[in-house]
Amino acid sequence: MNTFVPEGVGLLTPENQKYTASVHALKEAFRTGRILEAKAVRCDREHNLYVQVPGVSGVIPREECALGIREGTVRDIAILSRVNKPVCFVVTAFCEKGGKEFAVLSRRKVQEQCMAQYISKLVPGDVIDAVVTRMEPFGAFCDIGAGISALLPIDAISVSRIPHPNVRFYTGQKIRVVVKGIDELGRITLSHKELLGTWAENAAKFSAGETVPGIVRSIEKYGIFVELAPNLAGLAEYVPGVCPGDAASVYIKSIHPDRMKIKLILVDHFAADAPNFHYRYPAVSHIDRWLYSSPESEKVIESVFSV
């Protein structure tokens, strides 16, 4: 049975390498309808996409490159942007032209199967795998299966405010996400912060009197917000010359669970590259409700997922 994963995840698996190793193996995949992956190496003037498979020329005709191309709801830039990247496909035919054998491929059919057998069955609260494909100031676009994209809004990436998704992710990063909502057209929005721990879980990693590393996230007249963990920030007194994105060392003055506040003293700061976080996600497949607030706090910060 075919499984549906973000493009690129299956490229180097032993099974995929086996079925893309020769024409004979490719014909076996054709007979069984197996989903494969290979790198797109060229897009011609008619926007047919050529795929790197050994012993035969693999081509995805323009209308088979993606859902929506045939209907005109997806622009051809979606085809051009796949060049030099992995694409998923099934083999639909073999033919000869000018004495050369071609394998005719379809990415569209894989996406249709993915929509029908996987994505259409998702409900809010489901925790799924995704790959970051593109980042904009308002959020990150993620492949949630077979090249089908969903939006992770910037305010759903973490509880801590961030200026841009690229301070959290890099293109091609594998992450886990929560299905946040599904609109009437079947488009999915995602969330991520619910997988990064509650205030209490994050605060438990720190103690008053410690000096620890952090990242300056924002500077206000009343102080400087320093991120200690992806879902936890503290406030230090204002110091001139500090810039958002600076790495910092901070002394933890006090921790207040009842107000979900951490008071800091800025010890040092310096310019630094944005870190690439490597997340350790909880082993869950669904979340109905997530409460960020500490047990002692009267303020309620939560996410409720409902069908």
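These legends accompany several close-up views of a predicted model.

**View 1. The whole chain, with its five helices and 17 strands.** Let's start with the overall picture before moving in. The C-alpha trace spans about 75 × 40 × 35 Å along its principal axes. The chain has 307 residues, and 46% of them count as buried. Among contacts with a separation of 6 or more, 62% come from residues 24 or more positions apart. The accessible surface amounts to about 16,000 Å², and carbon and sulfur atoms contribute 54% of it. As for charge, there are 36 positive and 34 negative side chains, and the centres of these two sets are 3 Å apart.

**View 2. Strand β14 and its two antiparallel partners, β11 and β15.** Here we follow β14, residues 247–256, and the strands that pair with it. Five bridges link β14 to β11, which covers residues 211–220. To find a place to begin on this side, look for Ile215, whose bridge partner in β14 is Ala247. With β15, residues 261–270, β14 shares nine bridges. On that side, Ile255 has Ile262 of β15 as its bridge partner.

**View 3. The hairpin turn from β14 to β15.** This view moves to the link between the two strands. Four residues lie between β14 and β15 in this hairpin. Met260 is in the turn, and its phi is positive, at about 50°.

**View 4. Helix α4 and the strands it packs against.** Helix α4 runs through residues 108–117, and its buried residues include Arg108, Val110, Gln111 and Cys114. These buried residues line one face of α4, because they fall within an arc of 160° when seen down the helix axis. What do the buried residues of α4 pack against? Their packing partners are β4 (86–97), β5 (100–106), β7 (139–145) and β8 (148–153).

**View 5. Pro153 in strand β8.** We stay with β8 for the last close-up, which centres on Pro153. Is Pro153 buried or exposed? Pro153 counts as buried because its relative accessibility is 18%, and the cut-off for buried is under 20%. Setting aside neighbours within four places in sequence, Pro153 is in contact with Phe138, Gly139 and Leu190. Met135 is also worth finding in this view: Met135 and Pro153 are 18 residues apart along the chain, and their C-alpha atoms are separated by 10.0 Å.

Terms used: Residues numbered from 1 in each chain as written. Predicted model: local features only at pLDDT ≥ 70, side-chain atom pairs only at ≥ 80, totals over all residues. Heavy atoms only, no water. Buried < 20%, exposed > 50% of the residue type's maximum accessible area, 1.4 Å probe, protein only. Contact = heavy atoms within 4.5 Å. Areas by Shrake-Rupley, 256 points an atom, 1.4 Å probe, with all protein chains shown as cover. Lys, Arg positive; Asp, Glu negative; His and termini not counted. Charge placed at Lys NZ, Arg CZ, Asp CG, Glu CD. Pairing = 2+ DSSP bridges. Arc of directions from axis to C-beta.
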